[in-house]
Structure formats: C-alpha cells, structure tokens
Amino acid sequence: MNVRIGQGYDVHAFGDGDHVMLGGVRVPHEHGVIAHSDGDVVLHALCDAMLGALALGDIGRHFPPSDPRWKDADSRTFLRHCNALLRERGWRVGNADITVVCERPKVGPHAEAMRAVVADDLGIALDEVSIKATTSERLGFTGRAEGIAALAVCLLVRDAG
C-alpha cells in the first residue's frame, strides 16, 4: 500500500489566559485553554491523524499528560516528533486538512501563518496544508464559547527518496 489516511480530533475547554495557541501561532483571545501542554488543538488533532494513519496510537500515548516533561510544552515538539516517526518508517505527509471549530477567536486572520508553521515543521509545501474554521452555530460547548475543537485529516504517502 502506498498511501494511508488518518483522522484526528482534539478539544480543550477555555480557562484563564489572554491567548490560544493554534497551529503553532499565538492567537490573542480573552481566554486561554485548560491543558497540560500549550493546548494547541490544531497540532494535537494533526498529530493524532498522523499517528493513526500508521496505527501508532494517539498523542496521549506518546506524550502522556501524567508526564511532567510535557507540562506547558510547545506542541510543535509533538508535531516534529510525529513527523520523525513517519519519516523513519518511510512515509511523509502528502497533505493535511484541518478544521477549527469555535465561535471565537477568529481563525481566518491567522490561518496563513498557521499553514506556514505546519508546512515548515512537516517539510512539505504550503499548498499541501489547509487550515480553515467553522462555527457550530452557537450549539454545543463550542457554540456556547466554552471551548475549542479541531478536526484533522492527513494523507500519508510512501517517501520516494
């Protein structure tokens, strides 16, 4: 098989703070997130998609919240680790498509910067990363602005080199 598909999902409740980390970008917001690491739902969902495509478990298996090493950790570290695991096994991300679900903060003004961070960390072209957002029409926990979620899908391809 020369391709594999993975999907990931992550969610964090809002808490104290003045920003959220999304796709490795600091986005100003009236809240932070409650999380062991930096709580970057974009990168956590993408890591789960990557790991899932190769049946390597989930982000919690590789970076357990019970481990103090990951307290307030930069989630880009997680993404780079997951990418290294793929590369060691002869795979690379062919493309990644990520959707952020929230009423606020507005993701659109930061989406290009997020795409650039993800593409750079994965060593892939910018046009192989999509980051977009939607609301939940004021329904559920995201609609009530209690938290933020992200969904990710990625295609892995055999590395030709």
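## The β2-β3 hairpin

Two strands count as paired if DSSP finds at least two bridges between them. Strand β2 (residues 19-22) and strand β3 (residues 25-28) meet that test, because four bridges join them. The two strands run antiparallel. One bridge pairs M21 with R26 of β3. All of this comes from a predicted model.

β2 and β3 form a hairpin, with two residues between the strands. G23 sits in the turn and has a positive phi of about 60°. Strand β3 has two faces. V25 and V27 are on the covered face. R26 and P28 are on the uncovered one.

## The five-stranded sheet

Strands of a sheet pair through backbone hydrogen bonds, either parallel or antiparallel. Here, five strands form an open sheet with mixed pairing. What is the order of the strands? It is β4-β1-β7-β5-β6. At the edges stand β4 (32-33) and β6 (129-134). Each has a single partner strand, so one side of each is left without a neighbour in the sheet.

Now look inside the sheet at β5 (residues 91-101) and β7 (residues 147-158). These strands run antiparallel, and ten bridges join them. One of the residues to find is W91, whose bridge partner in β7 is R158.

## Helices across the sheet

Helix α1 (residues 41-53) lies across several strands: β1 (3-15), β5, β6 and β7. The helix runs at about 150° to β1. Helix α3 lies across β5 and β7. The angle between α3 and β5 is about 150°.

## How α1 meets α3

Two packed helices are described by the angle between their axes and the distance between the axes. The axes of α1 and α3 come within 9 Å and cross at roughly 15°. Angles under 35 degrees count as roughly parallel. The two helices are therefore roughly parallel to each other. Their crossing is left-handed.

Which residues of α1 make the contact? They are L43, H44, L46, C47, M50 and L51. From α3 come S75, R76, F78, L79, C82, N83, L85 and L86. By class, this contact has ten nonpolar, three polar and one charged residues.

## How α3 meets α4

Helix α3 (residues 75-88) also packs against helix α4 (residues 111-122). Their axes come within 9 Å and cross at roughly 40°. That angle makes α3 oblique to α4. The crossing is right-handed.

On the α3 side, the contact is made by R76, L79, R80, N83 and R87. On the α4 side, V117, V118, D120, D121 and L122 take part. By class, the contact has four nonpolar, one polar and five charged residues. R76, L79 and N83 of α3 appear here, and they also belong to the contact with α1.

## A closer look at S130

S130 lies in strand β6, which is one of the edge strands of the sheet. Is S130 buried, exposed or partly exposed? Its relative accessible area is 28%, so S130 is partly exposed. The partly exposed range lies between 20% and 50%.

Leave aside the neighbours within four places in sequence. S130 is then in contact with A96, D97, I98 and R115. Of these contacts, A96, D97 and I98 fall in the range of β5, while R115 falls in the range of α4. S130 and R104 are 26 residues apart in sequence. In space, their C-alpha atoms are 19 Å apart.

## Backbone exceptions

Most residues other than glycine have a negative phi, and most peptide bonds are trans. A few places in this model depart from that pattern. A55 has a phi near 55°, a positive value in a residue other than glycine. A55 is in the loop between α1 and α2 (59-62). At 65% relative accessibility, A55 counts as exposed.

D72 is not a glycine either, yet its phi is positive, at about 60°. This residue is in the loop between α2 and α3. D72 counts as exposed, at 54% relative accessibility.

Where is the cis peptide bond? It joins R104 and P105, and omega is about 0°. P105 lies in the loop between β5 and α4.

Terms used:
Residues are numbered from 1 along each chain as its sequence is written. This is a predicted model: local features need pLDDT of at least 70, side-chain atom pairs count only at pLDDT 80 or more; totals for chains, interfaces and linings use all residues. Side-chain values use heavy atoms; hydrogens and water are left out. Axes are lines fitted to C-alpha atoms, for helices over the stretch in contact, and angles run from 0 to 180 degrees between N-to-C directions. Angles under 35 degrees count as roughly parallel, over 145 as roughly antiparallel, 65 to 115 as roughly perpendicular and the rest as oblique. A crossing is left-handed if the near helix is turned anticlockwise from the far one by less than a right angle, and right-handed if clockwise. Contact means heavy atoms within 4.5 Å. Ala, Val, Leu, Ile, Met, Phe, Trp, Tyr, Cys and Pro count as nonpolar, Asp, Glu, Lys and Arg as charged, and the others, Gly among them, as polar. Buried means under 20% relative accessible area, exposed over 50%, partly exposed in between (1.4 Å probe, protein chains only).
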